[in-house]
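User: I am a first-year student, and I would like a close look at a single part of this protein. Could you take me through one of its pockets, and then set that part against the rest of the chain?

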Amino acid sequence: AVSRSVWDQTRAELRRAEAQLAEASQASSLASAGARREDIAAAEAQVKAARAQRASIDLDLGDTKLAAPVGGTVVTRAIEPGSLVQPGMTAFTIAIDRPLRVRAYVAEPDLSRIAPGMKVVVRADGNPKEYQGTIGYISPRAEFTPKSVETEDLRTDLVYQLRIVVSDPDNGLRQGQPVTVSVPQARTAAED
């Protein structure tokens, strides 16, 4: 003979043990039968969703970093670190270091004496070294002499912009430094 409360407690423990046994046998049969196709498809969808979310986060993280397409020197920083930047907005201005280019001007009467591909000599103020270069571009449009350019006779005639590529630059040439360009191969008036 036992008390009614002990009997009820024992019966509850029996039902709990039977439920645990049923759950364990069901898990065992699932493990032995393998996962169902629906479960596999759901798990694969979860993996794809997690990968897509990671790719989105990686893209957002990549958008937080700026990288220049070429090496150079930062001339201007237009925004501060931590600022929100819209697409197409200028963040930095970079002066390209290599290839080193010189912007020069030629007077209109001398334009017919030069051509792209001609060799030139570039000299910098205070530097005894002569640098070799090539005329890479001659502007097709004339412009008035810029205020920063001083021609030998200080006149304001029409000039054409040249782009000269220096073939042997070193640290003796700097961005924005005034230079003198001479064209040893320039055609003379008699050759024209």
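Analyst: The part to look at is the second largest pocket, whose lining is made up of Leu66, Ala67, Ala68, Pro69, Val70, Val74, Val85, Met89, Ala91, Phe92 and Ile94. The model is a predicted one, and the values that follow are computed from it. The space in this second largest pocket comes to about 220 Å³. When its lining residues are sorted by class, eleven are nonpolar, while none is polar and none is charged. Leu66, Met89 and Phe92 are among the residues that line the pocket, and you can find them in the structure as a starting point.

To set the pocket in its surroundings, it helps to step back to the whole chain. The secondary structure consists of two helices and seven strands, and, read along the sequence, these elements follow the pattern α-α-β-β-β-β-β-β-β. The chain has 192 residues, of which 15% are buried. It exposes about 14,900 Å², and carbon and sulfur atoms supply 54% of that area. If we take the contacts between residues at least 6 apart in sequence, 62% of them join residues at least 24 apart.

Two residues elsewhere in the chain show how such a general picture looks in detail. Asn127 is found in the loop between β4, which spans 119-124, and β5. Because its relative accessibility is 19%, and buried means under 20%, Asn127 counts as buried. A polar atom of the Asn127 side chain lies 3.0 Å from the backbone nitrogen of Lys129, and the side chain of Asn127 also reaches the backbone oxygen of Gly172, at 3.5 Å.

Tyr137, by comparison, has its place in strand β5, which covers residues 130-144. With a relative accessible area of 32%, Tyr137 is partly exposed, because this value falls between the 20% limit for buried residues and the 50% limit for exposed ones. Leaving aside neighbours within four places in sequence, Tyr137 is in contact with Gln161, Leu162 and Arg163. The C-alpha atom of Tyr137 is separated by 8.5 Å from that of Ala115, a residue 22 places away along the chain.

Returning to the pocket with which we began, the point to keep in mind is that its lining holds eleven nonpolar residues and no polar or charged ones, around a space of about 220 Å³.

Methods: Residues numbered from 1 in each chain as written. Predicted model: local features only at pLDDT ≥ 70, side-chain atom pairs only at ≥ 80, totals over all residues. Heavy atoms only, no water. 1 Å grid on protein atoms, 1.4 Å probe; cavity = no way out; pocket = protein on both sides within 12 Å on 5 of 7 lines; lining within 4 Å. Points joined across faces, edges and corners; volume = space filled by probe spheres on them. Nonpolar A, V, L, I, M, F, W, Y, C, P; charged D, E, K, R; others polar. Helix = DSSP H or I, 4+ residues; strand = E, 2+ residues; numbered from the N terminus. Buried < 20%, exposed > 50% of the residue type's maximum accessible area, 1.4 Å probe, protein only. Contact = heavy atoms within 4.5 Å. Polar contact = N/O pair within 3.5 Å; in protein donor to acceptor, adjacent residues only side chain to side chain. Areas by Shrake-Rupley, 256 points an atom, 1.4 Å probe, with all protein chains shown as cover.
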